[in-house]
Amino acid sequence: MRSDCLAVFCRETKTSVKWECGQVRCFTDDKDQPAIVLASGRIPEYDGYRFVAGLTPLAVQLSIGHEGEVE
């Protein structure tokens with residue numbers, strides 16, 4: 001997973017489901033169980049969250065038409 005990806009985490013309790021997401025900064029250096037470190041510095045896996053998905057941003061190119069409209 002690249003550093004510009006968005007990581008999505010989930011934590012289930014008896015009464016609720018909590019979600020957390022953020023931009024990936026790097027991974028911990030734990031060889032047995034590396035964890036994702038978010039750009040905020042948080043490590044959701046250490047708080048009981050499980051990794052659900054990694055999303056890669058797509059580049060979208062927009063252009064301005066001759067009348068100033070986005071195409």
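In which sense, parallel or antiparallel, do β1 and β4 pair, and over how many bridges? The two strands pair in the antiparallel sense, over 5 bridges. Strands here are DSSP runs of E with at least two residues, numbered from the N terminus, while helices are H or I runs of at least four. Two strands count as paired if DSSP finds at least two bridges between them. One position in this pairing is V8, which stands opposite A53 in β4.

The model is predicted, so local features need pLDDT of at least 70 and side-chain atom pairs count only at pLDDT 80 or more, whereas totals for chains, interfaces and linings use all residues. Residues are numbered from 1 along each chain as its sequence is written, and side-chain values use heavy atoms, with hydrogens and water left out.

Strand β1 also pairs with β2. These two run antiparallel and are joined by 7 bridges. A hairpin of 4 residues leads from β1 to β2. Across this pairing, F9 stands opposite E20 in β2.

The next topic is charge. Side chains of opposite charge can pair when their charged atoms come close. A salt bridge is counted when a side-chain nitrogen of Lys or Arg lies within 4 Å of a carboxyl oxygen of Asp or Glu. The structure holds 3 of them.

One salt bridge is formed by the side chains of E12 and R50, at 3.2 Å from N to O. E12 belongs to strand β1 (residues 6-12) and R50 to strand β4 (residues 50-55), so this pair ties together parts that are 38 residues apart in sequence. Burial is judged by relative accessible area: under 20% is buried, over 50% is exposed, and in between is partly exposed (1.4 Å probe, protein chains only). E12 counts as exposed at 54%, and R50 is partly exposed at 45%.

Another salt bridge joins the side chains of E20 and R42, at 2.7 Å from N to O. This pair links distant parts of the chain, with E20 in strand β2 (residues 17-27) and R42 in the loop between β3 (36-38) and β4, 22 residues apart. E20 is buried, with a relative accessible area of 14%, while R42 is partly exposed at 34%. The side chain of R42 also meets that of D47 in a salt bridge of 3.0 Å, N to O. D47 counts as partly exposed, at 37% relative accessibility. Salt bridges with shared partners thus join E20, R42 and D47 into one network.

The surface has a nonpolar patch as well. M1, F27 and F51 make this patch, which covers about 280 Å². Patches are made of residues with over 30% relative accessible area and no salt bridge; like charges are joined within 9 Å, and nonpolar side chains (Val, Leu, Ile, Met, Phe, Trp, Tyr) within 5 Å. The accessible areas come from the Shrake-Rupley method with a 1.4 Å probe, and for residues only the protein chains shown count as cover. Of the patch members, M1 lies in the segment before β1 and is partly exposed at 43%.

Last come the cysteines. How many disulfides does the structure hold? The number is 0, where a disulfide means a pair of cysteine sulfur atoms within 2.5 Å. The cysteine sulfur closest to that of C10 is in C21, and it is 12 Å away, too far for a bond. C10 is buried, at 3% relative accessibility.
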